[in-house]
Amino acid sequence: MSFSAIPRAVLASLGAVAVVLAGAATPANAVDATLTPPTHLFNGYRHCATDAEQPSYQGAREGLLVEGIPGVTETTGGARVSVRYQVWPVADPSEITTVTRDYATPGFEAPATLPASALADGQSYAWQAQTAAGAAVSDWSTPCYVTVDNSKPANVPSITSSNYASEAWNEGGEPVEFTLGANGADDVEGFEFSWQQSLPVIGTSIGDHGIPQPVDPYADTKYFKRANTLGGSTTLSLVPPTGSGPMTLWVRSLDRAYNGSGIARYDFRVTSTAPTISPAVPEPEFGQPAEFTFRPDPGLQAKSPVVSYSVKTLGGQADRTFDVTARPDGTATVELALDGLYSENLQVSSRSANGWVSDTAWWGISFDTTPGVSSVTYPENGSGGGIDVPGTFTFTPRVKDVVSYTYTFNNGDPEVTVPAGADHTASIDWSPATDGWHDLTVYATTRSGLQLAPYDYFFTVN
């Protein structure tokens, strides 16, 4: 995975880059303008470093992108604006290489590439920029200093943990304390880490006028941490992404040019810290309020008190996720009316004061909300009656507050709804027009308008 900055398409719109050796000519035109040195100088999408003692470290295997905004304060009288860049080894200022960005647009970055052949790995260079229009040129800008680093750190980082043993089961409940080391690679500036093997790419966004917007990757503490000294180490305190099971932290070292080392990994396992879910009654009734108590894992509570629970319902009429604040002893109680037509589940995880999130506890219940159907004349899965022989079918509820039943015969007749009586049952009379196999489909509706699960009643007419 590349650790170089990500170029943006906006740069391509600024025109072609012409690479010219020292001494190349620029078309001569009359210029009525004041030319000043280019501003907003960048190399490799990072700020120009004007202190020779603190150069910018850059990879330059395919050359080094440099850029600046040409300094033009008035009209150029039609003369083409260009930006010249020259680079030389700090150790030999006479060895100058020049490249020119022709067709530069005033007010916009004018990028060009210093050739890789002029930039040796491990050497320090200075470069500067000049605005040109026709035969007129500005002064040169203040030099920028770069040290070329094309080599990634020689060794993968070392990873140790003081409280979670590698390749073993560990009791969860507290952040994992890691120590990351350069492992003998003396050019390591920091580390990149993630719970996923695919580590983020370091990139730079491009702002207005093509101006790069570089940021310090180590400002993103979710993935990066600077070493305590060059070639040194650092510590991390991380909460695993899941509450239990196998865990892996992936780490690589970064040098000052953001070249990445090989990737190291730290594998360990965490035992479950899921809470318990206890209903006040073993089998809560469908649609009726019921209390549930959540209790923390004792070991987890001892390390850092549980402060809240995340609760998710699945299978109900309106699934939802919500948080519940825990009492000082780590317990919490909620009241829920479960209304899944067939079943409903609860998923509950705890959050501790130290940020630890437990794995998820599950609790579930099945409901039969279909109506009961019976007939003396036409028994279920049996035969009876005959053509034009009337039969009575009785519907009975399996849940509370049923106010009506809706039925159809043979899935082809129009649906008919009949009200339930005071005892929440209903009866209908029906006479078959044909013999043979028949199907009666019935569902109930509650006072709140909830349509319950349907039931199919099969029978044969003699």
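The disulfide of C48 and C144 is left-handed, because the torsion about its S-S bond is about -100 degrees. The pair joins distant parts of the chain, 96 residues apart. The model is predicted. A second site, S375, lies in a loop and is covered below.

**The disulfide**

- A search of the whole structure turns up one disulfide.
- Its partners are C48 and C144, with sulfur atoms 2.0 Å apart. That falls within the 2.5 Å cut-off for a disulfide.
- C48 sits in the loop between β2 (46–47) and β3 (56–58).
- C144 belongs to strand β10, which covers residues 144–148.
- C144 has 0% relative accessibility, so C144 counts as buried. The cut-off for buried is under 20%.

**Where S375 sits**

- S375 is part of the loop between β28 (372–374) and β29 (383–384).
- S375 is buried too, because its relative accessibility is 11%, and buried means under 20%.

**What surrounds S375**

- A polar atom of the S375 side chain lies 3.1 Å from the backbone nitrogen of Y378.
- A polar atom of the S375 side chain also lies 2.9 Å from the backbone oxygen of T392.
- Leaving aside residues up to four places away in sequence, S375 touches T392, F393 and Y457.
- T392 therefore appears twice: its backbone oxygen lies 2.9 Å from a polar atom of the S375 side chain, and T392 is among the residues that S375 touches, where contact means heavy atoms within 4.5 Å.

Note on methods
Residues numbered from 1 in each chain as written. Predicted model: local features only at pLDDT ≥ 70, side-chain atom pairs only at ≥ 80, totals over all residues. Heavy atoms only, no water. Helix = DSSP H or I, 4+ residues; strand = E, 2+ residues; numbered from the N terminus. Buried < 20%, exposed > 50% of the residue type's maximum accessible area, 1.4 Å probe, protein only. Polar contact = N/O pair within 3.5 Å; in protein donor to acceptor, adjacent residues only side chain to side chain.
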